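Colleague: Could you pick a single part of this model and take a close look at it for me? I would like to hear what surrounds it and how the pieces fit together.

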Amino acid sequence: MAEQERNRIGVIGSGLAGLSAACVLAARGYQVVVFEKSPWLGGKAAVLQDAGFRFDMGPTILTVPSVLKRVFDEAGRDMADYLDLVRLDPQWRCLFADGSTLDLVENVGDMAATLDAYSPGTGAGAGYRDFLAYSQRLHRISERYYFWKSIGGIADMVDPKFGFSLQILGDVLRMRMGRSVASTVRKYTPDPRAAQMLDHFTQYVGSCPEQSPAVLCGIANMQTTEGIWYPRGGTRAVPEALVRLGGELGVEYRTETGVARVLTRGDRVTGVETDAGERIELAAVVSNADAVRTHRELLAEAAPRVAQRFERRRSYEAACSGVVLYLGLNRAYDHLLHHDFVFSRDPHEEFEWIYKKGEPAPDPTCYLASTARTEPETAPPGGDALYVLVHTPYLRPHHDWSKMLPEYRRVIIEKLKTTGKMPDIESRIVFESALTPQDIHDRYRVLNGAIYGLASHGKWNGAFKPANRSRDLKGLYLAGGAAHPGPGMPMVLMSGWIAADSLDQDRVVAKAGEPVAV
């Protein structure tokens, strides 16, 4: 085998994190090969096309585009040459069980005025300003200690070279460790409907606001500052752009090539074995597969002690799953925006069912993506490609979604008819498909069907996921929603960048033209 082949870096999985890592590594001069079990590249960011409709199957909300831009900057490329991004404002439309509607707009002053008019006499506007000021402080702390580096716990946030200063102590106290997102939101927001809206900044990470740490309130500032964007061609355009960039940089893509195990010798990675039995020597591996399943399935045989140490380090819980309905409508609804939330009557009741009882909520919140108003080509003229996501518990042993889906579809449709103000929706549906937690588990090989990787539960440790640099195996790096810094499009893209940057810092692999690393 040629030296350069043996000195390649393997990326397991072509989700957004895997593609991000591959592009960054290739831009820095490494030989990279991506292994993807599916026939397509892009992981959950897949597409469904049928009967004249086009749906993004996975993520639909793009925030913090500066993270994606940083990947293109690594290669000295202009992101605008690869993607056409449309800024959406208002960002969301919220429909509540009492029949009222509230739009989340980007401008803070305008939003504060809207809240004062929506909830007069409560000080809602001033509370919103104060909440975003607090969110901005949290975001700055995250940028200083948490983002763009491999973090697995609070000790990793402090560089021992600089000691523990009064500034660090002050920043840690401002993180409100021990407080939840929900309690923090309600400190600033007197109106329960507005609080429900703000709770859903954390729904990007698929976790319960009542159980998630307050530091996640920093997401609000990130979205307010950089906006919400829609890539023309759908979210699918993002992985397509990254695949194109990687191809130009020399990345090799091997689709329909699943990885059965990671190969090791002593305390380091030596390669992978594919599902077909092919053994491929590699100098390092970035796993974009679920971090827990990476250890339980890809390392359990080759490195059982590594897998055991990972499991003992901390107990990780899967984030929530979901049911997705892809509804092709022959007539669009004029009262919808591109992004909409049809809220449950009682968020506490909803979260109790999903996160504590482990059962689908009887009155759920529905997230809608109504894409035809931004890109008419997603549906036949006058119609709409309506994406409907309802969060559900991650898979439990007794869940049989082949039997549960028909009844829960009825619950979802009834919610759209009433709170969603779409009483005739069934008469407008001319195409329909669905994705269940079981489908998500099988299709994407995630833990228990979790859409968002690992839950962010725990008011002290909830923000922390497995570090991107393995503590136990030299040459192994983790990326994706089940690794630091967690789920959501910008976070998984950042995760890929961090994994690539950590590998580059460690110098465990030689770049193209250099002698093989030892």
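Modeller: Gladly! Let's go to the largest cavity, whose lining residues divide into five nonpolar, five polar and two charged (Asp, Glu, Lys and Arg count as charged; Ala, Val, Leu, Ile, Met, Phe, Trp, Tyr, Cys and Pro as nonpolar; the others, Gly among them, as polar). Please keep in mind that this is a predicted model, where local features need pLDDT of at least 70 and side-chain atom pairs 80 or more, while totals for chains, interfaces and linings use all residues. Residues are numbered from 1 along each chain as its sequence is written, and side-chain values use heavy atoms, without hydrogens or water.

The structure has three cavities of 30 Å³ or more, and the largest has a volume of about 90 Å³. A cavity here is a set of points on a 1 Å grid over the protein atoms alone where a 1.4 Å probe fits but cannot get out, and lining residues have an atom within 4 Å of a point; points are joined across faces, edges and corners, and the volume is the space filled by probe spheres set on them. Around the largest cavity you will find Arg54, Phe55, Asp56, Thr60, Tyr230, Gly233, Gly234, Ala369, Thr371, Thr378, Ala385 and Tyr387. Two elements, β4 (53-56) and β18 (384-392), each give two or more residues to this lining (strands are DSSP E runs of at least two residues, helices H or I runs of at least four, numbered from the N terminus). The top contributor is β4, with three residues.

Let's follow three of these routes outward, starting with Tyr230. Tyr230 belongs to the lining and sits in strand β9 (residues 228-231), where it points to one side together with Ile228, while Trp229 and Pro231 point the other way. All four are buried (under 20% relative accessible area; over 50% is exposed, in between partly exposed, with a 1.4 Å probe and protein chains only). In a regular strand the side chains alternate between the two faces of the sheet. Strand β9 pairs with strand β5 (residues 62-63) in the antiparallel sense over two bridges (at least two DSSP bridges make a pair), and there leucine 62 stands opposite tryptophan 229. Strand β6 (residues 85-88) also runs antiparallel to β9, joined by four bridges; its leucine 85 has proline 231 as bridge partner. Beyond β6, proline 90 lies in the loop between β6 and β7, and the peptide bond from aspartate 89 to proline 90 is cis, with omega near 5°.

The second route leads from Tyr387, another lining residue, into β18. This strand is a member of an open, seven-strand sheet with mixed pairing, in the order β8-β7-β16-β17-β18-β15-β19. Its edges are β8 (101-104) and β19 (429-435); each has a single partner strand, so one side of each lacks a neighbour in the sheet. Elsewhere in this sheet, strand β7 (residues 92-95) and strand β16 (residues 339-342) run parallel, joined by three bridges, with cysteine 94 partnered by phenylalanine 341.

Tyr387 also brings us to the aromatic residues. The whole structure contains 18 aromatic pairs (ring centres of Phe, Tyr and Trp, its six-membered ring, within 6.5 Å; planes under 30 degrees apart are stacked, over 60 edge-to-face, the rest tilted). Tyrosine 326 and tyrosine 387 make one of them, edge-to-face, at 5.9 Å centre to centre and 70° between the planes. Tyrosine 326 is in strand β15 (residues 321-329) and tyrosine 387 in strand β18, so this pair ties together parts 61 residues apart in sequence. Both rings belong to buried residues: tyrosine 326 has 1% relative accessibility, and tyrosine 387 has 7%. They are also members of one aromatic cluster that includes Phe53, Phe55, Trp92 and Phe341.

That cluster takes us back to Phe55, which also lines the cavity, and to our third route, β4. In the loop between β3 (47-50) and β4 sits alanine 51, whose phi is positive at about 55° although it is not a glycine. Most residues other than glycine have a negative phi, and most peptide bonds are trans. Alanine 51 is partly exposed, with a relative accessible area of 48%.

Notes. 1 Å grid on protein atoms, 1.4 Å probe; cavity = no way out; pocket = protein on both sides within 12 Å on 5 of 7 lines; lining within 4 Å.
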